[in-house]
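User: Please examine the following structure and answer a series of questions about it.

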Amino acid sequence: MIELTNIRKTYITGELEYEALKGIDLTINPNDYLALMGSSGSGKSTLMNIIGALDVPTSGEYLLRKKPIHELDDNQISEFRNQEIGFVFQTFNLLPKLSALENVGLPLLYADGIEKEERNAKSREMLELVGLGDKLMNKPNEMSGGQRQRVAIARALVNSPSLILADEPTGNLDSKTSESIMELFANLHAKGQTILLVTHEKEISEFAQRTIVLKDGIII
Amino acid sequence: MIRNARIAFESILANKFRAILTTLGIIFGVGAVISMLAIGNGAQQQILEQLKIVGVNNIIVKSIYEKEADNSEEEESDPSQAKKYSPGLTLKDLSNIMEVVPNIELITPEVNYETYALSSTIRKKTKAIGVDPSYFKIFNIELEQGNHFTQLQNNSKKKVCLLGSTLSKLLFPKSNPIGKTVRIGRLNLQVIGVIKKMGGVADNLQSMGINDYNNEIYVPIETLLSRFKDRGKISIQDNRNWSNGKKENPNQLDKIIVQLKNSEDVAPSGELMSRMMKRRHNEVVDFAVSIPEQTLKQQKETDDLFNWLLGAIASISLVVGGIGIMNIMLASVQERIKEIGLRRAVGAKKNDIKMQFILEASFISLFGGVIGIILGITLSYAVEIFLEMPTKISIFSIFLSFVISVLTGIVFGYLPANNAAEQNPVNSLKYE
């Protein structure tokens, strides 16, 4: 489904050049559950940002179903993120003034041709899927950390993306809550969802089918 | 567009308090512009109406006298003034003006008495004004009904009168006053006409020598001079003894009103009259020459300047309001960088973010503009009612401030919107 070929990323700050990714080759197949591991500075965030199309590679090829993503312009990339990628962040990144339902519906707001009723119906469905059917109108500050992350996961799922990108999704949660979140991911995977999990915790990576370890910008 | 409008609208609703604080600047700016312009326009309008009332090319000579008659102590304290004799304003002055001043179109003397007018049952305090028939031509006074009195009626001292519109309603609330009798002092006058109601004659006009047409009673001057209280032939000294009281004018005439043919003659003729009369009155300045039209035009120029100043100050407050919006929008972009990053991550295009912020700013300023317009109109009416200043709200000022407020939103919304959209989503998401 996703093919990365010889992806390189170089950051230039002033006269300093820093090569974060030094030629990454990676294939993600449908219904894969991958864990991307590595210490800080290993380039795993950079790789995740490139896969999530938040950032562009300096060189290399990024194909999604044979379509070259690295050649898209900014509007097309925005559409790509909207349609194909669901992000789950360590810090949840919910909008504090919006209810759970509105937060989940946010990607649909930027998708074309979806009316409010449909948006709300889908958002409600997703919240029920993650077990928050009774918290539709709650604001983020009225929910626990685990609940917030579930809202974020529902948001990632709402537009039926090809790939869920979870960046340290349990990093801000206690171990018991972490476990239930990981169970949720396992369930989603069982239903056919492709997931890329970025983590530095070995225990968490063990939930995945396959683990890729990144060190100094290369896969080892 | 509709989608972004909805996003912007929801975003404003989510931050109501901030939005309201932001609009305050625009509200007061727009309100100030509209009410200031309304006050300015009102003053303009009033002067234009007054110009109509005072007529063109008129010079008014008013006699000045001491209201407290014969105050000996005061005269002693100013002996130079007391020793000189002045005949006061008389019909002789009038004939002199007619001889000396060229290009006179019309001229009329005027006397007036504070008195009471009596219809069969009602008694009202009023002013009896004695004038020549040309008076009505000079001031373009039209009648509601009946006829003006004629020169013939004046010469033959006919006992007729014209009533001011308000006075006529007070004296004859139910019946037609034409043909009825009104009594002033011991004089019975037949009503032959009612003057058309005029817009209020303000105090400043009365001080220039214009009468309050609505509340007065107009009588041929010859009638009034010879039949009411005879001061046609007596000397000023006699007059002083005779009047024996307070307020009465010891002079024969109260005013002489001259209308000239050409407007360029007005100023020099006014000066000529001043010099001539001063000589005739033994250098005693017991008269005042005024050119109401000129005075009003000067007043208008001052007002114009003042209006510009008012408008400028109000505009500054509008600009300050706009800067306020820009500040808040910039600050809110800073505050919401993470939100922008997230919106980008879930699929918002750069354009979506720009539109969201531009529309947010536009909605806020539009809302502020509408409230400001309401405030401005309310303020204008309040000024009119409570300060009794005339105001006139112009459609132009509403349109102008509306456009300015919307433009403020778009212009001052664009800058931060552009900033917001150009943020790299990776950096935005990391922003704390």
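The questions below concern a predicted model and move from the individual chains to their contact.

User: How does the radius of gyration of chain A agree with that of a compact globule of 220 residues, and what is its value?

Analyst: The C-alpha trace of chain A spans about 50 × 40 × 35 Å along its principal axes. For 220 residues, a compact globule would be expected to have a radius of gyration near 17 Å. Chain A agrees with this expectation, because its own radius of gyration is 17 Å.

User: What percentage of the residues in chain A are buried?

Analyst: Chain A is built with 7 helices and 10 strands. Among its contacts between residues at least 6 apart in sequence, 73% join residues at least 24 apart. Of the 220 residues in chain A, the buried share is 54%.

User: What percentage of the residues of chain B count as buried?

Analyst: Chain B contains 17 helices and 10 strands. Of the contacts in chain B with a separation of 6 or more, 80% are between residues 24 or more positions apart. Of the 432 residues of chain B, those that count as buried make up 48%.

User: How many residues of helix α1 of chain A are buried?

Analyst: Helix α1 of chain A runs over residues 44-51 and is mostly covered. Its buried residues are Lys44(A), Thr46(A), Leu47(A), Met48(A), Asn49(A), Ile50(A) and Ile51(A). Of the 8 residues in the helix, the number buried is therefore 7, given that buried means under 20% relative accessible area.

User: Which residue with a positive phi follows α1(A)?

Analyst: The helix in question covers residues 44-51 of chain A. After α1(A) comes a residue whose phi is near 60°, and this residue is Ala53(A).

User: Is Lys9(A) buried or exposed?

Analyst: Lys9(A) has its place in strand β1, residues 2-13 of chain A. Its contacts beyond four places in sequence include Thr46(A) and Ile50(A), as well as Tyr18(A) and Leu21(A). Because its relative accessible area is 9%, Lys9(A) is buried.

User: Which residue offers its backbone oxygen at 2.8 Å from a polar atom of the Lys9(A) side chain?

Analyst: The side chain of Lys9(A) is joined to that of Asp55(A) by a polar contact of 3.4 Å. Among the residues in contact with Lys9(A) are Asp55(A), Val56(A), Pro57(A) and Thr58(A). The backbone oxygen that lies 2.8 Å from a polar atom of the Lys9(A) side chain belongs to Val56(A).

User: With which side chain does that of Glu84(A) make a polar contact of 3.4 Å?

Analyst: Glu84(A) is found in helix α2 of chain A. It counts as buried because its relative accessibility is 16%. Apart from residues up to four places away in sequence, Glu84(A) touches Leu64(A), Arg65(A), Pro161(A), Ser162(A) and Leu163(A). The side chain that shares the 3.4 Å polar contact is that of Arg65(A).

User: How far apart in space are Gly86(A) and Glu117(A), C-alpha to C-alpha?

Analyst: Gly86(A) lies in strand β6, residues 85-88 of chain A, and is buried with a relative accessible area of 2%. Its contacts outside four places in sequence are Ala156(A), Pro161(A), Leu163(A), Ile164(A) and Leu165(A). Gly86(A) and Glu117(A) are 31 residues apart in sequence, and their C-alpha separation in space is 21 Å.

User: Which residues of chain A lose the most area to chain B?

Analyst: The contact draws 23 residues from chain A and 22 residues from chain B. Together the two chains bury about 2200 Å², with 56% of it on carbon and sulfur atoms. On the side of chain A, 29% of what is buried comes from the three residues that lose the most area, namely Leu54(A), Leu109(A) and Tyr110(A).

User: Which element gives the largest share of the side of chain A that touches chain B?

Analyst: Between chain A and chain B there are 6 residue pairs in polar contact. The elements that contribute two or more residues on the side of chain A are α2 (74-84) and α3 (100-109). The largest share, 6 residues, comes from α2(A).

User: Which residue of chain B meets Glu79(A) in a salt bridge?

Analyst: The count of salt bridges between chain A and chain B is 2. In one of them, with an N to O distance of 3.4 Å, the side chain of Glu79(A) meets that of Lys349(B).

Notes. Residues are numbered from 1 along each chain as its sequence is written. Chains are lettered from A and ligands numbered from 1 in the order in which they are written. This is a predicted model: local features need pLDDT of at least 70, side-chain atom pairs count only at pLDDT 80 or more; totals for chains, interfaces and linings use all residues. Side-chain values use heavy atoms; hydrogens and water are left out. Contact means heavy atoms within 4.5 Å. Buried area is the accessible area (1.4 Å probe) that two parts lose on being put together, summed over both. A salt bridge is a side-chain nitrogen of Lys or Arg within 4 Å of a carboxyl oxygen of Asp or Glu. A polar contact is a pair of N or O atoms within 3.5 Å; within protein, one must be able to donate a hydrogen and the other to accept it, and residues adjacent in sequence count only if both atoms are side-chain atoms. Helices (H or I, at least four residues) and strands (E, at least two) are DSSP runs, numbered from the N terminus. Buried means under 20% relative accessible area, exposed over 50%, partly exposed in between (1.4 Å probe, protein chains only). The radius of gyration is taken over C-alpha atoms; the globule rule is 2.2 Å times the number of residues to the power 0.38.
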